[in-house]
Amino acid sequence: MAIVAFDIKDLEDMGYTAKKLEDIGPKMGIEIEEISEKEVKINVTPNRPDLLDFTGFLRALDNFTGENKPKEKHYSIKTEPVLSIKVMPEVKKVRPYIAGLVAQNLDLRGNKLKYLINFTNKFADTYGRKRRKIGMGVHRLSRIKGDLVYDAASEGTMTPLESKSKMKFSDIIKKNEKGQEYGYMFSGKKPLYPFISDSEKTLVLVPIVQCEESKTTEDTKDVFVEITGTSKKAVAEAANIVACAFIDLGAEVFPVTIEYPTGGAEITPLLNYKEIKVKLADADRTIGAPMGERDIIGLANKMGYVASQYGKSVLVYIPPYRVDVLNEQDIIEDIAISFGYDRITPIPVYGTANGLASEMAEDENKIATMMVGLGYMEAINSLLTNEKVNFENMSCKYDKSMYITLADSKTTNLSMIRTDLLPGLMQNLAGSMNERMPQRLFEIGRVFNMNGEKLVESVRLAFASEHSKANFAEAKSVVESFARFNGISNFKIKEQKNSAYIEGRCASLEVNGISVGVFGELHPRTILGFGLEEPVVGGEITVVKEIKYEV
């Protein structure tokens, strides 16, 4: 989730009062976070980065209310590139992909420049994963001399934005505000710094800061936008979103030629429309409300799509800024939003079989009852997490062979499937640190670990207790209660070393000589990693070593 703010006056000037926004927002599937006298804050989901921009948000409002009807091939660019970027071989090692575009006859007066800069920063920090995946910069075109070069070097110089003197790349990372914030991407004794230069100067230290000479102001009419990153697909999608926003602002958009060292030239952005056929029967069945092709076409228009009848289907044209739309189901979901979930009548689900809890579920419920009896509250966390929470905050070493990562995740908060339960409970405690102590939580759930090339799904119990007198004995009593409750008599408690716990106050639970869990007093480093202040004890025990499914 990302929260963006727009001036209420700018929206009122376009016909959208606070009352109207409060009514329309939820119907569009957009959460209005806050409305004050000066601004409106909206919560943008990771799958809709186009709404991070004021122009994109206004476009969505106009489409939904019928103020604007989507036009076929509305988003198009001039055919002749006005700039070229030569990509050098060295940059492939650190940040291999780049896209660019030029917008002319822009009007950036009022708050438009502020919205543009805010969008580039918010986009790079959310969709771009704190600029690691995508970075973006806007430059005054008239200050660019000649064609551009995208390269990487161990050192260089430039005059950073809002600065009057040149600095070395390494000094920018150490001393500049943006360098200190995003310099974590460059490590090692002699890191390579990606940069873009023209025939006279370095335009930008990618993706940290651009130069003062190409600074954009309200009177700027023509701009060059560069987008760099580690994913070619994500970079191209970002270029499409920016280009569409400029077109809606009334600018003319020109492509840029990218010359990669492997040979051949590419043009960005492409602004291609995707075509997806939606069967009327599929839409009716999924939504649960009968609709004709005219209804579906009208509902699709409200969500920004151009649509036309195609036999017993509707052919939907996906505008280039809708990078989240993958298939027919995404279109049907938008049609349902446009139709209104409140207008869909729920129907009972009939079946001939009686549902019963599985034996595993019964066992989990019994363990949960035991933990509640010990004074713990149950937490249910998402299977998705990120490396910082799952490993780094727990002081655990890791590499990508140990876990499952998400491809093309839209946010840094959800980049992998969890391998442990305890980090999630620590996050829960961090979210309730202002509540009365003690705080005691547990979770029974599934974790996923890689054993070589095999994925192992397990069921575990994790618990955590936070208060000023939390100690090893408390954790030990929970583990012993668990063992006895499950009829395990031949268990042993043995001292264990684990980087997440204090040495000497950590132990393992062993059954038949095999370790099935670890528990103890969490290390202060671990506690502080989650922003907690009180001592914490906890542990994690394997309930089912491996779940095997019958095929």
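In this predicted model, Ser 465 touches residues from several parts of the sequence. Setting aside neighbours within four places in sequence, the contacts of Ser 465 are Tyr 376, Gln 439, Arg 440, Ala 470, Glu 474, Pro 535, Val 536 and Val 537. Ser 465 itself belongs to strand 23, which covers residues 454-466. With Val 537, the separation is 72 residues in sequence, yet the two C-alpha atoms are 5.3 Å apart in space.

Two of these neighbours also meet the serine through polar contacts. The side chain of Ser 465 lies 3.3 Å from the side chain of Arg 440 in one such contact. The other links the side chains of Ser 465 and Glu 474, at 2.6 Å. Is Ser 465 buried or exposed? Ser 465 counts as buried because its relative accessible area is 0%, and buried means under 20%.

The view may now widen to the whole protein. The protein contains 15 helices and 27 strands, and its C-alpha trace spans about 80 × 65 × 50 Å along the principal axes. Of its 551 residues, 49% count as buried. Contacts across the sequence are also recorded at this scale: among those between residues at least 6 apart, 71% join residues at least 24 apart. The exposed area of the protein is about 27800 Å², of which carbon and sulfur atoms supply 50%. As for charge, there are 71 positive and 77 negative side chains, and the centres of these two sets lie 3 Å apart.

Helix 9, made up of residues 293-302, offers a second local view. Which residues of helix 9 are buried? They are Ile 296, Ile 297, Leu 299, Ala 300 and Asn 301. These buried residues pack against three helices and two strands: helix 3 (54-65), helix 8 (280-287) and helix 10 (328-339), together with strand 17 (306-310) and strand 18 (313-318). After helix 9 comes Gly 304, which has a positive phi near 95°.

A further glycine with positive phi appears in a hairpin. Strand 14 and strand 15 form this hairpin, with five residues between them, and Gly 263 in the turn has a phi of about 105°. The two strands, residues 252-259 and residues 265-268, run antiparallel and are joined by four bridges. Across this pairing, Ile 258 of strand 14 stands opposite Glu 266 in strand 15.

Definitions and conventions: Residues are numbered from 1 along each chain as its sequence is written. This is a predicted model: local features need pLDDT of at least 70, side-chain atom pairs count only at pLDDT 80 or more; totals for chains, interfaces and linings use all residues. Side-chain values use heavy atoms; hydrogens and water are left out. Two strands pair if DSSP finds at least two bridges between them. Buried means under 20% relative accessible area, exposed over 50%, partly exposed in between (1.4 Å probe, protein chains only). Contact means heavy atoms within 4.5 Å. A polar contact is a pair of N or O atoms within 3.5 Å; within protein, one must be able to donate a hydrogen and the other to accept it, and residues adjacent in sequence count only if both atoms are side-chain atoms. Accessible areas come from the Shrake-Rupley method with a 1.4 Å probe; for residues, only the protein chains shown count as cover. Lys and Arg count as positive and Asp and Glu as negative; His and the chain ends are not counted. The place of a charge is taken as NZ of Lys, CZ of Arg, CG of Asp or CD of Glu.
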